[in-house]
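These exercises concern aromatic rings and their surroundings. Work through each task before reading its solution.

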Amino acid sequence: MKVLLTGANGQLGRCLQDRAEQERVTFIATDRQELDITSETAVAELVLKEQPQLIINAAAYTAVDKAESEYETALAVNANGPVNLAKAAAVAGIPLLHVSTDYVFDGNGTEPYLPEQQTSPLGVYGETKWAGEKMVRQQLDKHVIVRTAWVVSEYGNNFAKTILRLGKERDELSVIADQYGCPTYAGDLADALLVVVKGISAGRQEWGTFHHCGDQPTSWHGFARAILAEAKTQGKIESMPKLYAIKTEDYPLPAPRPTYSVMDCNSMLSIWGVGPSNWRNSLKTIIAKL
Ligand SMILES: NC(=O)c1ccc[n+]([C@@H]2O[C@H](COP(=O)([O-])OP(=O)(O)OC[C@H]3O[C@@H](n4cnc5c(N)ncnc54)[C@H](OP(=O)(O)O)[C@@H]3O)[C@@H](O)[C@H]2O)c1
């Protein structure tokens, strides 16, 4: 299948491309230099020229804190970009796989969030991603929106890489212990999206919004502990630094974060046959590659 991939140099984009050959997908891989998704003309022209059978949007403005002072840029990438892709997909009569975030929820819940549950983003990143989702739904029937969370990988900048670096540099670390979510390996998310691609290629038309993330909720503190323990096991750090649990208020950041952003992934399992991923297992792969 010929797939137009945006955001090809990001964590998800790179992991998707790593799997292209074995999954028999031909990617027209583009990042911002080849295709700026905020340009409606550029998107329309490339889709017309390349004639893909499907689009995966892995491009996003993901700098959660910076977004608070760059609303227009975040909105352009996270909302106008997907709408440009959805419009071009509608003209071409092809589906769009779009990726969104747990940060569309306010995190005041206590049970895993369902895809259809009320959203109420707390910050600019979540707000602009939510705007993107809404516009994709308006513009294009043939859409699959997959919300994910706490993405880490061997690529780009992410929490796992930061904790590993700090674990090498410091004897003590303080990490927030009162925000809960589900870590997700970008490689597992790529696998999940490729299952959807294959399903669509085989004629399945299960359009809608789904959740895919790691299977065991934890706090950032719990996640950091798991990263450091795995790094120690693999000999990437000499000793475990002392890990202190702190509260959100002890580490003020520009963007507010949901306290509880655990998502219910059951519809992804029942419709597409992909359950939540085992992030602890995947952490072994990531640490080994770093
Ligand atoms: N990272 C997370 O923790 C997380 C959590 C929940 C959901 N998600 C969602 O998961 C998806 C993949 O995230 P990720 O972690 O792979 O993101 P990422 O590593 O930040 O990659 C995003 C990519 O999009 C590119 N991009 C930015 N603006 C663009 C534009 N105008 N046109 C084309 N490309 C552009 C970036 O290029 P530059 O490097 O040049 O900017 C980057 O290569 C996104 O939809 C994100 O919202 C991520």
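**Exercise 1.** In this predicted model, find the ring over which the charged end of Arg204 sits.

Solution. The ring belongs to Trp272. The charged end of Arg204 is 4.9 Å from the centre of that ring, and the cut-off for this distance is 6 Å.

**Exercise 2.** Classify the pair formed by the rings of Phe159 and Trp220 as stacked, tilted or edge-to-face, and place both residues in the chain.

Solution. Start with the count: the model has 10 aromatic pairs. For Phe159 and Trp220, the ring centres are 4.8 Å apart, within the 6.5 Å limit. Their planes meet at 55°; stacked requires under 30 degrees and edge-to-face over 60, so the pair is tilted. Phe159 lies in helix 5 (residues 159-169) and Trp220 in helix 7 (residues 220-233). With their positions 61 residues apart, the pair links distant parts of the chain.

**Exercise 3.** Describe the pair of Trp220 and Phe223, and decide whether each residue is buried or exposed.

Solution. The centres are 6.5 Å apart and the planes are at 35°, which makes this pair tilted. Both residues belong to helix 7; because they are three residues apart, about one helical turn separates them. Buried means under 20% relative accessible area. Trp220 has 14%, so Trp220 is buried. Phe223 has 0%, so Phe223 is buried.

**Exercise 4.** Which residues do ring pairs link into a cluster with Trp220?

Solution. The cluster joins Trp220 to Trp150, Phe159, Phe223 and Trp279.

Notes: Residues are numbered from 1 along each chain as its sequence is written. This is a predicted model: local features need pLDDT of at least 70, side-chain atom pairs count only at pLDDT 80 or more; totals for chains, interfaces and linings use all residues. Side-chain values use heavy atoms; hydrogens and water are left out. Rings of Phe, Tyr and Trp (its six-membered ring) pair if their centres lie within 6.5 Å; planes under 30 degrees apart count as stacked, over 60 as edge-to-face and the rest as tilted. Helices (H or I, at least four residues) and strands (E, at least two) are DSSP runs, numbered from the N terminus. Buried means under 20% relative accessible area, exposed over 50%, partly exposed in between (1.4 Å probe, protein chains only). A charge sits over a ring if NZ of Lys or CZ of Arg is within 6 Å of the ring centre and within 35 degrees of the ring normal.
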